[in-house]
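Trainee: Hi! Could you walk me through this protein with me asking questions as we go?
Mentor: Happy to. Let's bring it up on the screen.

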Amino acid sequence: TKFASQVAVVLENARLFKETQTQAITDALTGVYNRRGLHQLGDFELRRARRINRPFCAMIFDIDHFKRINDHYGHKIGDQVLQKLAERCQKTSRTVDLISRHGGEEFVILLPETNLESASRVAERLRQSIMNESFPTDAGALRVTISVGVAETRETDTLHTLIERADVAMYKAKGAGRNRVVLDEIN
């Protein structure tokens, strides 16, 4: 009937709209949030944490010497490593944690209801999991390490400044020899 076909069109349009919205905030390669998705959802979570006076942390990390993987094995293998890394993050994280590919081989995980001490343990567990368990790729099993920076929100922080402080800590981890977790020092 005419009505049934109109309903089918409306339902298909709704499905396509939802799919488009999801694609706009999701990284196509890894399936985790992209930068836009992280900031949309992260801003909401940070405001919620402030409203109910709960701790909130961010950790940022990237794969140590990732360029070597791309240079030696090619970008297809590098992409496989990124996909497996995102999967590992999802397996080791809670459902409330927001995981995103922030760009290139850099990832951010937002940790609601988590203080710096707990976030440090989460980051160390993830670092060890990545270091100790290789990633299967078409070029064979590859081992990688990550450098991680962790920061807890301060009263004046925006999501941007929180991630920025975690980023500074990550660069300290790289400067200290890589494959480690560095915490943002509270002033």
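**A chat about the model**

Mentor: Let's begin with a side-chain pairing: Asp97 and Arg94 make a polar contact through their side chains, at 2.5 Å. Keep in mind that this is a predicted model.

Trainee: Okay! Where is Asp97 found?

Mentor: Asp97 sits in the loop that runs between helix 4 and strand 2, and that strand covers 98-103.

Trainee: And is Asp97 buried or exposed?

Mentor: Asp97 counts as buried, because its relative accessibility is 7% and the cut-off for buried is under 20%.

Trainee: Which residues does Asp97 touch, leaving out those up to four places away in sequence?

Mentor: With those left out, Asp97 touches Ile109, Leu110, Leu111 and Pro112.

Trainee: Let me zoom out. How many helices and strands does the protein chain have?

Mentor: There are six helices and seven strands in the protein chain. Reading from the N terminus, the order of elements is α-α-β-α-α-β-β-α-β-β-β-α-β.

Trainee: What share of the residues is buried?

Mentor: Of the 187 residues in the protein chain, 42% are buried. Here is another overall number: take the contacts between residues at least 6 apart in sequence, and 67% of them join residues at least 24 apart.

Trainee: Can we look at one buried residue, say Leu38? What is its relative accessible area?

Mentor: Leu38 has a relative accessible area of 0%, so it is buried. You'll find Leu38 in helix 2, which spans residues 35-51.

Trainee: Which residues does Leu38 touch, again not counting those up to four places away in sequence?

Mentor: The list for Leu38 includes Tyr33, Asp43, Leu98, Ser100 and His102. Val108, Leu110, Leu159 and Ile163 are also among the residues that Leu38 touches. Leu110 should ring a bell, since Asp97 touches Leu110 too.

Trainee: Nice. New topic: how do people describe two packed helices?

Mentor: Two packed helices are described by the angle between their axes and the distance between those axes.

Trainee: So at what angle do helix 3 and helix 4 pack?

Mentor: Helix 3, residues 66-73, packs with helix 4 at an angle of about 140 degrees, and their axes are 7 Å apart. That angle makes helix 3 oblique to helix 4, because only angles over 145 count as roughly antiparallel.

Trainee: Which residues meet there?

Mentor: From helix 3 come Phe66, Ile69, Asn70 and Tyr73, and they meet His75, Ile77, Gly78, Val81 and Leu82 of helix 4. By type, the contact of helix 3 with helix 4 has six nonpolar residues, three polar and no charged.

Trainee: What about helix 4 and helix 5, how do their axes cross?

Mentor: The axes of helix 4 (residues 75-92) and helix 5 come within 11 Å and cross at roughly 135 degrees. That makes helix 4 oblique to helix 5. The crossing of these two helices is right-handed.

Trainee: And which residues make that contact?

Mentor: Helix 4 brings Leu85, Arg88, Cys89 and Thr92, while helix 5 brings Leu126, Ser129 and Ile130. The contact of helix 4 with helix 5 divides into four nonpolar, two polar and one charged.

Trainee: Last one: where is the place of Ser118?

Mentor: Ser118 belongs to helix 5, which covers residues 116-132. Ser118 is partly exposed, with a relative accessible area of 24%. Its C-alpha atom is separated by 9.3 Å from that of Cys57, 61 residues apart along the chain.

Notes:
Residues are numbered from 1 along each chain as its sequence is written. This is a predicted model: local features need pLDDT of at least 70, side-chain atom pairs count only at pLDDT 80 or more; totals for chains, interfaces and linings use all residues. Side-chain values use heavy atoms; hydrogens and water are left out. Helices (H or I, at least four residues) and strands (E, at least two) are DSSP runs, numbered from the N terminus. Buried means under 20% relative accessible area, exposed over 50%, partly exposed in between (1.4 Å probe, protein chains only). Axes are lines fitted to C-alpha atoms, for helices over the stretch in contact, and angles run from 0 to 180 degrees between N-to-C directions. Angles under 35 degrees count as roughly parallel, over 145 as roughly antiparallel, 65 to 115 as roughly perpendicular and the rest as oblique. A crossing is left-handed if the near helix is turned anticlockwise from the far one by less than a right angle, and right-handed if clockwise. Contact means heavy atoms within 4.5 Å. Ala, Val, Leu, Ile, Met, Phe, Trp, Tyr, Cys and Pro count as nonpolar, Asp, Glu, Lys and Arg as charged, and the others, Gly among them, as polar. A polar contact is a pair of N or O atoms within 3.5 Å; within protein, one must be able to donate a hydrogen and the other to accept it, and residues adjacent in sequence count only if both atoms are side-chain atoms.
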